[in-house]
Amino acid sequence: MRDLTVVIAFPTMRRNMIRERLQELTGEQLHRLADRYELDSPGEMTRDELIEAVAEAINEHRLEREAGNDHPVAVQEKKYEFYIDAVLDGAEARSVEVDDWDLPEQYNETRIVLLLRDPSWAYVYWEINESYLSRLAEDCASADADESSEEEEQEFGIEFDGLALRVHELPHPDAEYSKALYTFTIPVQLEDHSWYINLPKVGTHYCTSIVAHTADCVQTLAVSNVVSVPPGDLESPIDENPDAPANRVLSLTNLDRMPVETYSNRMPQRLISLPDE
Amino acid sequence: MPNGYLLLVMHAHLPFVRHPEHHWFLEENWLFEAISETYLPLLRVMERLETDGVPFRLSISISPTLSAMLRDELLQQRYLRHLELMCELADRELERTSDDERFHKVARMYKRLFAENLSDFVEKYDHNVLKGFDYYSKRGKLELLTTAATHAYLPLYQQYPEAIKAQVQVAVDQHRKVFGKPPKGFWLPECGYFPGLEEELKDQGLRYFFSASHGILYGYTKPENGVYKPTRCPNGLAVFGRDVDSANAVWSSEEGYPGDPSYRDFYRDIGFDLPLDYIGDYIHEDGIRIHTGFKYHAITDKSDPNKRPYDPDEAARTVEAHAENFIYNQKKQLKKLGKIMSEPPVITGPFDAELFGHWWFEGPQWIESVIRKLHAEDTGIEMVTGAEYLKQYTELQEVQPAFSSWGNKGYSEVWLDSSNDWIYRHLHKIVERMIDLVDRFPNESGLKRRFLEQAAREVLLSQASDWPFIMRAGTNVTYAVRRIKEHVKNFTTVYDSLSRGEVSTEWLTSVERRHNIFPDIDYRVFARNARRHEYSSQPKHHT
């Protein structure tokens with residue numbers, strides 16, 4: 001047999017190949033990767049040091065991600081991973097253009113959409129019509145100069161520049177947000193367009209609204225769809241009645257080996273209230 | 001009556017990747033690897049079982065994007081070119097390894113594998129491997145299921161019943177067209193379920209679907225039989241919940257069978273190992289090293305940096321032992337369950353089809369061995385498909401399943417995190433605009449209709465769960481981003497053109513040629529519907 005095989009462990013080989021590919025990149029590309037992997041002080045490193053640090057960061061990032069993967073996710077990743085360069089191309093991803101066309105930054109409308117990620121977190125994105133936003137920014141600028149900004153700081157607990165997300169817990173999914181059982185507020189900036197919200201309770205329903213707080217009033221700009229948070233756990237604990245047939249079957253199910261986070265109702269977080277509209 | 005049933009379901013899916021504008025396209029290899037390592041080997045397993053008179057029941061969900069690619073002439077020709085290249089490499093590998101019997105033995109295995117693939121692909125299936133699956137389906141040994149049209153992760157579109165309906169209806173229509181009859185079962189992409197989804201499935205004539213374990217176990221009523229008997233949604237649709245233990249045994253490379261040191265290692269591949277002057281013709285033409293499928297090492301102990309040569313005979317012995325172990329454990333579990341349950345329990349094992357062969361090289365052999373042992377030994381276990389089971393057992397407990405998936409921690413974090421969350425504002429917007437287009441152009445024909453049909457295709461293609469998945473995985477991100485942008489751009493071009501009343505047939509023809517999936521799509525599948533309210537009122541609280 002022609003001894004062409006380089007007998008080294010794949011992780012080592014993979015790191016070496018990544019280093020080789022990094023050697024081919026320009027300084028700008030390397031720095032973009034360094035930013036992506038949040039390396040400290042890349043500007044103070046020599047090129048070799050930077051390559052080494054980026055290669056190490058890529059590897060650590062991969063190991064960390066893979067450690068959190070469930071089996072189906074781990075196997076699916078293998079379907080798409082078939083060349084080493086694929087690991088590096090993420091640095092350029094967001095700047096890729098299709099025939100000089102890029103995704104619109106705005107759709108020139110005002111809306112807010114809520115997506116449930118898991119029983120504990122939801123993702124919300126919003127957009128505010130650009131012309132309205134300009135007027136709002138002007139209002140806020142004048143409000144900042146006004147004495148009322150001190151009151152706002154007291155109300156929100158932090159400095160506030162005009163916009164807030166309100167998270168409404170609803171008694172049922174068809175309820176109006178004005179009938180919320182409970183509402184809490186997250187101050188956001190004009191330049192924010194999305195947020196991850198830590199949901200205080202499971203087994204309930206939420207919607208969000210985006211509100212503008214001007215010098216004179218709180219104005220609701222848009223209200224989202226409703227999401228229903230699942231229970232995130234068994235309907236009742238097994239040990240409540242271990243001899244019941246359903247619980248005897250469940251005890252054979254090896255629930256502790258089910259790769260699922262369980263949730264229970266917790267004390268609400270971010271309890272900041274806005275005054276009534 | 002058996003002591004219990006075994007329901008093995010494999011989900012075969014790849015995103016629609018077809019690039020006629022390039023003479024060679026890297027990501028098309030996803031399909032080629034899957035045909036070579038999974039689909040053809042699985043068909044050979046079924047063929048051997050049938051030849052030997054061994055009864056079996058399997059279920060396979062074939063995604064509409066995959067079935068479209070498997071039937072596509074361009075991709076069939078490209079796969080043939082790929083196979084011929086692999087056969088040539090197999091010959092060169094026989095020569096290269098001739099001095100070392102340990103590696104030569106493996107090279108002979110690859111020579112056989114690719115020769116069989118070539119012969120089966122060309123002669124047996126006339127370039128279309130779907131014919132093989134269809135054959136076993138018609139023989140009653142294989143139940144074919146479908147999944148969402150482009151494998152959208154449905155919980156993240158639940159506020160758009162029109163999008164859910166389009167994903168389900170287009171899938172069912174395509175299945176009927178390809179296989180001549182409608183599917184009874186539906187594979188939820190990534191097992192992603194949200195309450196209310198069953199309404200769309202029922203509307204399309206589906207009878208059951210599969211769920212992650214906790215979709216049932218953490219449902220709004222405690223299931224009396226856990227996941228060992230299907231339950232029914234309030235609208236009557238049956239749900240089979242995934243078994244936890246058998247899943248871990250087969251999926252896990254840590255604690256399960258695929259990680260055994262004697263099995264073939266996935267990572268070591270001559271595409272990475274050998275010098276470019278030897279392997280250059282068989283990898284990417286720009287010199288990018290890729291997996292070739294020629295792997296010569298066993299997994300070996302993780303602490304050992306030097307991997308042992310792979311020994312197919314040793315691996316085959318391990319396959320037998322693992323099949324034995326799997327059946328032993330199922331028998332034990334069924335015996336315990338049988339003492340509590342009034343009907344024979346059913347163990348539901350849903351898997352990614354590409355797990356078998358592509359990731360776990362010996363996986364198809366393991367399936368074959370399990371089936372042969374079930375037949376040869378008095379195990380009391382009967383294989384069953386979902387439709388067969390539901391024909392026999394009609395009394396099911398009503399349980400409203402809960403939002404769930406089989407992704408990390410059981411919910412949506414794989415498809416919704418900081419790497420991919422930015423796509424949804426665009427993907428949702430084009431759904432809204434597509435609904436708007438149907439409102440404005442409810443009954444078009446001719447050129448305008450072609451534009452609307454292409455718009456519908458672009459919306460569907462943009463929704464593939466693969467794109468956010470790949471962005472999170474951090475590999476091939478550029479390609480996934482490019483695809484999202486391309487579909488949004490194409491849709492927007494149609495939207496703007498129709499709004500302005502100006503259309504370019506040249507542009508349309510070019511996009512139709514490239515994205516030629518769902519040729520018979522009716523764009524009105526996105527017609528506004530009133531299900532919004534039904535979805536929102538679905539969940540019931542724990543008492």
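**Entry 1: a long-range pair in chain B**

I started at R232(B), which is partly exposed, with a relative accessible area of 29%. My scale is this: buried means under 20% relative accessible area, exposed means over 50%, and partly exposed lies in between (1.4 Å probe, protein chains only). A note on the source: this is a predicted model, where local features need pLDDT of at least 70 and side-chain atom pairs count only at pLDDT 80 or more, while totals for chains, interfaces and linings use all residues. Residues are numbered from 1 along each chain as its sequence is written, chains are lettered from A and ligands numbered from 1 in the order in which they are written, and side-chain values use heavy atoms, without hydrogens and water.

Which residue does R232(B) meet in a salt bridge? The partner is E398(B), at 3.2 Å from N to O. The two sit in distant parts of the chain, 166 residues apart. R232(B) belongs to strand β6 (residues 231–232) of chain B. E398(B) is in the loop between α14 (386–392) and α15 (424–440) of chain B. Like its partner, E398(B) counts as partly exposed, here at 38% relative accessibility. For the record, a salt bridge is a side-chain nitrogen of Lys or Arg within 4 Å of a carboxyl oxygen of Asp or Glu. Helices (H or I, at least four residues) and strands (E, at least two) are DSSP runs, numbered from the N terminus.

**Entry 2: other salt bridges**

I looked up the total next. The structure holds 49 salt bridges over all chains. Side chains of opposite charge can pair when their charged atoms come close.

K307(B) and D265(B) form one of them, at 3.5 Å, N to O. K307(B) lies in the loop between α11 (276–279) and α12 (312–338), and D265(B) in the loop between α9 (244–251) and α10 (270–273), so this pair ties together parts of chain B that are 42 residues apart in sequence. Both K307(B) and D265(B) are buried.

R514(B) and E486(B) form another, at 2.7 Å, N to O. Here R514(B) is in helix α19 (residues 505–514) and E486(B) in helix α18 of chain B, so parts 28 residues apart in sequence are tied together. R514(B) is buried, and so is E486(B).

I also noted a network. Salt bridges link R44(B), E47(B), E116(B), D120(B) and K124(B).

**Entry 3: where chain B touches chain A**

How many residues does each chain bring to the contact? Chain B gives 111 and chain A gives 94, where contact means heavy atoms within 4.5 Å. About 9500 Å² is buried between the chains, 61% of it on carbon and sulfur atoms. In chain B, the residues that lose the most area to chain A are Y218(B), K222(B) and R425(B), together 9% of what that side buries. Buried area is the accessible area (1.4 Å probe) that two parts lose on being put together, summed over both.

I then checked the pairs across the interface. The rule finds five salt bridges between chain B and chain A. I picked out K485(B) and D102(A), whose side chains meet in a salt bridge at 3.0 Å, N to O. There are also 24 residue pairs in polar contact across this interface, both residues at pLDDT 80 or more. Helix α18 (residues 477–500) of chain B gives the most to its side, with ten residues. The side of chain B that touches chain A divides into 45 nonpolar, 34 polar and 32 charged residues. The classes are Ala, Val, Leu, Ile, Met, Phe, Trp, Tyr, Cys and Pro as nonpolar, Asp, Glu, Lys and Arg as charged, and the others, Gly among them, as polar. A polar contact is a pair of N or O atoms within 3.5 Å; within protein, one must be able to donate a hydrogen and the other to accept it, and residues adjacent in sequence count only if both atoms are side-chain atoms.

**Entry 4: chain A**

Chain A has eight helices and eight strands. Of its 277 residues, 50% count as buried. Among its contacts with a separation of 6 or more, 62% come from residues 24 or more positions apart.

Why did I call strand β4 (residues 182–188) of chain A largely enclosed by the rest of the structure? Because five of its seven residues are buried. Strand β3 (residues 163–170) of chain A runs antiparallel to β4(A), joined by seven bridges. Two strands pair if DSSP finds at least two bridges between them. L163(A) stands opposite V188(A) in β4(A).

**Entry 5: positive phi**

Most residues other than glycine have a negative phi. I found S41(A) with a positive phi of about 45°, although it is not a glycine. S41(A) is in the loop between α2 (27–36) and α3 (47–67) of chain A. S41(A) is partly exposed, with a relative accessible area of 39%.

K409(B) is not a glycine either, and has a positive phi of about 60°. K409(B) is in the loop between α14 and α15 of chain B. Its relative accessible area is 37%, so K409(B) is partly exposed.
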